[in-house]
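Here is a short briefing on helix packing and charge pairs. Keep the structure open while reading.

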Amino acid sequence: MARHANLPDENSIDRNHPDALYVQLRNLLKGMIERRELAVNDKLPSERELVAAYGVSRITVRQAVKDLENLGYLQTRPGKGIYVTEPTPIYELEIVRSFTQTAYANNRKPGMRLLSGKIIRADAEVARPLSLPTGADVVFLERLRLLDDVPVVIQRDWFSASLAPGILDIDWTVENRSLYAELENRYGILPSRGQSTLSARLATDVEASFLQLELPAAVLTLDQIAYDTHNRTVNVSAAAYHPTRYPLSLTQSHRRL
């Protein structure tokens with residue numbers, strides 16, 4: 001079968017290279033997309049053409065293409081084939097930067113659905129990082145966050161009820177309500193530094209339902225503790241992210257917007 005005219009030849013794949021063949025093929029195709037040799041809305045060469053062009057197996061081609069779909073470079077159009085699409089942006093998460101700020105910085109529309117908002121008695125796991133005694137009153141907020149009306153993260157926050165009295169009286173159904181903005185503007189509390197733990201795990205049934213994932217599925221998790229300028233704990237948060245709709249890039253520097 002003739003090789004697709006736009007594809008480099010099979011010498012582009014180095015079988016002695018430490019990277020797996022599918023990684024090399026993925027990076028070759030990714031480079032072609034980024035250089036616009038394969039432009040947005042171009043149809044990707046068929047699986048058979050890629051196999052013939054690079055001398056690799058169908059499994060190798062499928063893994064490379066799947067990775068590029070997960071990264072947002074390719075999109076399957078049922079009944080039509082696989083097409084080049086605009087790459088999914090990578091969201092740089094600063095420790096004390098809100099979801100709302102991050103969305104606006106990437107020219108996206110933030111949204112929110114309140115799942116739970118209440119005062120609870122803190123157990124030891126919550127009380128310890130908040131520097132509170134066990135049983136202290138703590139505000140718990142659980143929200144489904146959206147980008148352009150698409151669900152991308154379930155965010156859970158805990159903070160001392162005495163820190164922001166009356167905060168649950170605010171209308172938390174407003175679609176772009178920012179916790180950090182409310183803390184700063186209403187209570188004069190300015191988160192200035194923090195620590196984060198980025199990991200991954202299997203989604204729960206509830207998380208999969210809200211994030212539109214098919215089980216079994218993985219979620220990216222981001223656990224954070226934020227502190228104010230006086231080293232007092234502001235809040236503890238735990239977020240579960242859709243793995244492909246909101247790829248994470250984490251920086252440890254602080255830059256207020």
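The buried residues of α1 pack against α2 (47–54), α3 (58–70), β1 (74–77) and β2 (81–84). The model is predicted. Salt bridges number 12 across the whole structure.

**Helix α1**
- Helix α1 covers residues 21–34, and its end C-alpha atoms lie 20 Å apart, in agreement with the 20 Å expected for 14 residues at 1.5 Å each.
- Buried positions in α1 are Val23, Gln24, Leu25, Arg26, Leu29, Gly31, Met32 and Ile33.
- Arg36, just after α1, has a positive phi of about 65°.

**Helix α2**
- In α2, Glu49, Leu50, Ala53 and Tyr54 are buried.
- These residues span an arc of only 110° around the axis, so they sit on the same side of α2.
- Their cover includes α1 and α3.
- Gly55 follows α2 with a positive phi, near 65°.

**Salt bridges within helices**
- Lys30 and Glu34 form a salt bridge at 3.0 Å, N to O.
- Both belong to α1 and are 4 residues apart, about one turn of the helix.
- Lys30 is partly exposed at 24% relative accessibility, and Glu34 is partly exposed at 45%.
- Arg186 pairs with Glu182 at 2.4 Å, N to O.
- That pair is 4 residues apart in helix α6 (residues 179–187), about one helical turn.
- Glu182 is buried, with a relative accessible area of 10%.

**Salt bridges beyond one helix**
- Asp157 and Arg143 meet in a salt bridge at 3.0 Å, N to O.
- Asp157 is in strand β6 and Arg143 in strand β5, so the bridge ties parts 14 residues apart in sequence.
- Asp157 and Arg143 are both buried.
- Glu142, Arg156, Arg201 and Glu207 are joined into one network by salt bridges that share partners.

Definitions and conventions
Residues numbered from 1 in each chain as written. Predicted model: local features only at pLDDT ≥ 70, side-chain atom pairs only at ≥ 80, totals over all residues. Heavy atoms only, no water. Helix = DSSP H or I, 4+ residues; strand = E, 2+ residues; numbered from the N terminus. Expected span 1.5 Å × (residues − 1). Buried < 20%, exposed > 50% of the residue type's maximum accessible area, 1.4 Å probe, protein only. Contact = heavy atoms within 4.5 Å. Arc of directions from axis to C-beta. Salt bridge = Lys/Arg side-chain N within 4 Å of Asp/Glu carboxyl O.
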